[in-house]
Amino acid sequence: MAMAMVLTELGLEAEPVAMAHLALDCGARWSTGTHMPSLIRGVLAKYGGVVKCTESSSQAVLEAGLKLGAVAIAYIGGNAPDGSYTGLFSTSGHYVVVLH
């Protein structure tokens, strides 16, 4: 769903059902959830002339991209394996769309 939201925000046709099919076709749908690197490869194969991907854990990179009009998908981690913290949105992680 996050990828459909990002692509739609960028002015591309990306219905959630079509994204679900793309996720299945490119092997991104795992029993544990969405494997984002596989989905990104599938999206780049389909929309590569329009969409680009930058991976970073830097807040400064995110903020700079947003100021330039980029749209981001952030991964919010789940529970720590060692029990040192509990996830905010889920126990295993969650993707959220970040817009400026």
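What covers the buried residues of α1? Let's start there, with the ground rules thrown in.

This is a predicted model, so local features need pLDDT of at least 70 and side-chain atom pairs count only at pLDDT 80 or more, while totals for chains, interfaces and linings use all residues. Residues are numbered from 1 along each chain as its sequence is written, and side-chain values use heavy atoms, with hydrogens and water left out.

Okay, helix α1. Helices here are DSSP runs of H or I with at least four residues, strands are E runs of at least two, and both are numbered from the N terminus. Buried means under 20% relative accessible area, exposed means over 50%, and partly exposed is in between, using a 1.4 Å probe and protein chains only. By that cut-off, the buried residues of α1 are Ala-2, Met-3, Ala-4, Val-6 and Leu-7. As for the cover, it includes α2, α3, β3 (72–76) and β4 (94–98), with contact meaning heavy atoms within 4.5 Å. Just after α1 you'll find Gly-11, with a positive phi of about 85 degrees.

On to α2, residues 16–25. Met-19, Leu-22 and Ala-23 are the buried ones there. They sit on the same side of α2, because they cover an arc of only 100 degrees around the axis, taking the directions from the helix axis to the C-beta atoms. Quick reminder: an α-helix has 3.6 residues a turn, so residues three or four places apart point the same way. Over the buried residues of α2 you get, among others, α1 (2–9), β1 (29–30) and α3 (36–47). Flip to the face turned away from the buried side, and there are the exposed residues Val-17, Leu-24 and Asp-25. Here too a glycine follows: Gly-27, just after α2, takes a positive phi of about 75 degrees.

Now, cysteines. How many disulfides are there? Counting pairs of cysteine sulfur atoms within 2.5 Å, the answer is zero. Take Cys-26: the nearest cysteine sulfur belongs to Cys-53 and is 13 Å away. Cys-26 counts as partly exposed, at 26% relative accessibility. Cys-53 is in no disulfide either, and with a relative accessible area of 41% it is partly exposed.

Last stop, Gly-48, in the loop between α3 and α4 (59–67). Is Gly-48 buried or partly exposed? Partly exposed, because its relative accessibility is 40%. And if you want a distance to check on screen, Gly-48 and Thr-91 are 33 Å apart, C-alpha to C-alpha, with their positions 43 residues apart in sequence.
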